[in-house]
Amino acid sequence: MLKQRVITAIVLLAILLPALFYKTPVPFCALALLMIAAGAWEWGRLNAFGQAGSLGLAALCVLACGLSWYGGLLEKPLPLLWAVAGAAWVLAGAWLLRCGVAGWPRIPRALRLAGGLIVLWLAWLAIARARVMGIELLLSVLMLVWVADIFAYFAGRTFGGRFSKGKLAPSISPGKSWEGVWGGVAGVVALSLAWFFWGGETLYSQLAQRHGLALMLLAVIFLAAMSVVGDLVESLVKRSAGVKDSSGLLPGHGGVLDRVDALLPTLPLAMMLVSF
């Protein structure tokens with residue numbers, strides 16, 4: 001399994017890095033579109049839509065993203081769209097976690113499918129827009145989520161259960177602890193401060209310049225918390241479907257949704273924060 005994970009990671013990096021650092025955003029946006037389409041296919045399968053229906057959902061996702069690209073949305077700030085998307089993620093995420101695993105099947109399947117399609121379209125639009133705005137901006141958002149996840153993992157493994165009386169969400173993801181959340185937040189705060197003082201056109205510098213250092217720190221803590229929400233929501237859906245991974249597309253890593261779940265709310269919210 002470890003060998004599989006390493007080989008898959010190397011292959012992904014060999015594809016992603018050249019696309020990311022290419023002189024124009026086109027290769028990266030196209031590659032991101034391919035991955036989001038795969039995520040849409042996984043979403044259909046997780047909601048018992050069947051193979052043909054899941055492929056149709058992926059095609060609809062490609063169509064929505066392609067029309068947005070063709071229509072020039074990647075060049076526009078779209079503050080209202082990001083504000084609506086951010087508010088929807090906060091409210092819907094809280095409601096879904098409150099309803100738990102048992103509440104997911106009660107939502108009409110058509111609504112679940114449509115909601116997933118919109119979420120994936122927004123995530124692609126956000127990551128493509130961030131790449132158009134600048135590589136460093138995009139990397140600072142991606143690094144925030146990765147650092148939150150890495151620090152949460154090691155903090156949870158080291159301190160999980162030592163300071164808190166209960167798990168974070170035992171019925172959804174029994175392995176996650178509050179100590180992991182605090183560890184992830186600490187990692188994100190350290191990252192944002194270090195990168196801010198280092199300099200560059202990052203998410204952190206833009207927030208600090210516009211709103212001050214204190215609000216920048218509150219913003220990155222909020223984004224770290226929402227990355228946890230994205231992770232938990234995908235875990236909730238998988239637990240309801242009775243599967244461990246969203247698919248086997250990435251050997252050793254599960255599926256595309258397993259790799260991008262924390263990014264789904266974080267990317268639109270980051271765009272919302274830099275658009276005002």
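## A quick tour of helices 3, 7, 8 and 9

In helix 3, the buried residues (under 20% relative accessible area with a 1.4 Å probe, protein chains only) are Gly53, Ser54, Leu57, Ala58, Cys61, Cys65 and Ser68. Down the axis of helix 3, these residues fall within an arc of 145°, so they line one face of the helix; the arc is that of the directions from the helix axis to the C-beta atoms. This is a predicted model, where local features need pLDDT of at least 70 and side-chain atom pairs count only at pLDDT 80 or more, while totals for chains, interfaces and linings use all residues. Residues are numbered from 1 along each chain as its sequence is written, and side-chain values use heavy atoms, with hydrogens and water left out.

**Helix 3**

- Helix 3 covers residues 51–70; helices here are DSSP runs (H or I, at least four residues), numbered from the N terminus.
- Its 20 residues reach 28 Å from first C-alpha to last, close to the 28 Å expected at 1.5 Å a residue (the expected span is 1.5 Å times one less than the number of residues).
- The buried residues of helix 3 pack against helix 2 (26–46) and helix 5 (109–133).
- Over on the other side of helix 3, Ala52, Leu67 and Tyr70 are exposed, meaning over 50% relative accessible area.
- Just past the end of helix 3 you'll find Gly72, with a positive phi of about 85°.

**Helix 7 meets helix 8**

- The axes of helix 7 (residues 178–198) and helix 8 (residues 203–211) come within 8 Å and cross at roughly 80°; axes are lines fitted to C-alpha atoms, for helices over the stretch in contact, and angles run from 0 to 180 degrees between N-to-C directions.
- That makes helix 7 and helix 8 roughly perpendicular to each other (the label covers 65 to 115 degrees).
- On the helix 7 side, Leu191, Ser192, Trp195 and Phe196 meet Tyr204, Ser205 and Ala208 of helix 8, with contact meaning heavy atoms within 4.5 Å.
- The residues of this contact divide into 5 nonpolar, 2 polar and no charged (Ala, Val, Leu, Ile, Met, Phe, Trp, Tyr, Cys and Pro count as nonpolar, Asp, Glu, Lys and Arg as charged, and the others, Gly among them, as polar).

**Two residues in helix 9**

- Leu217 sits in helix 9 (residues 213–241) and touches Val189, Ser192 and Leu193, leaving aside residues up to four places away in sequence.
- At 21% relative accessibility, Leu217 counts as partly exposed, the class between the 20% and 50% cut-offs.
- Ser235 is also in helix 9, and at 11% relative accessibility Ser235 counts as buried.
- Ser235 touches Ile172 and Ser173, again leaving aside residues up to four places away in sequence.

Methods. Angles under 35 degrees count as roughly parallel, over 145 as roughly antiparallel, 65 to 115 as roughly perpendicular and the rest as oblique.
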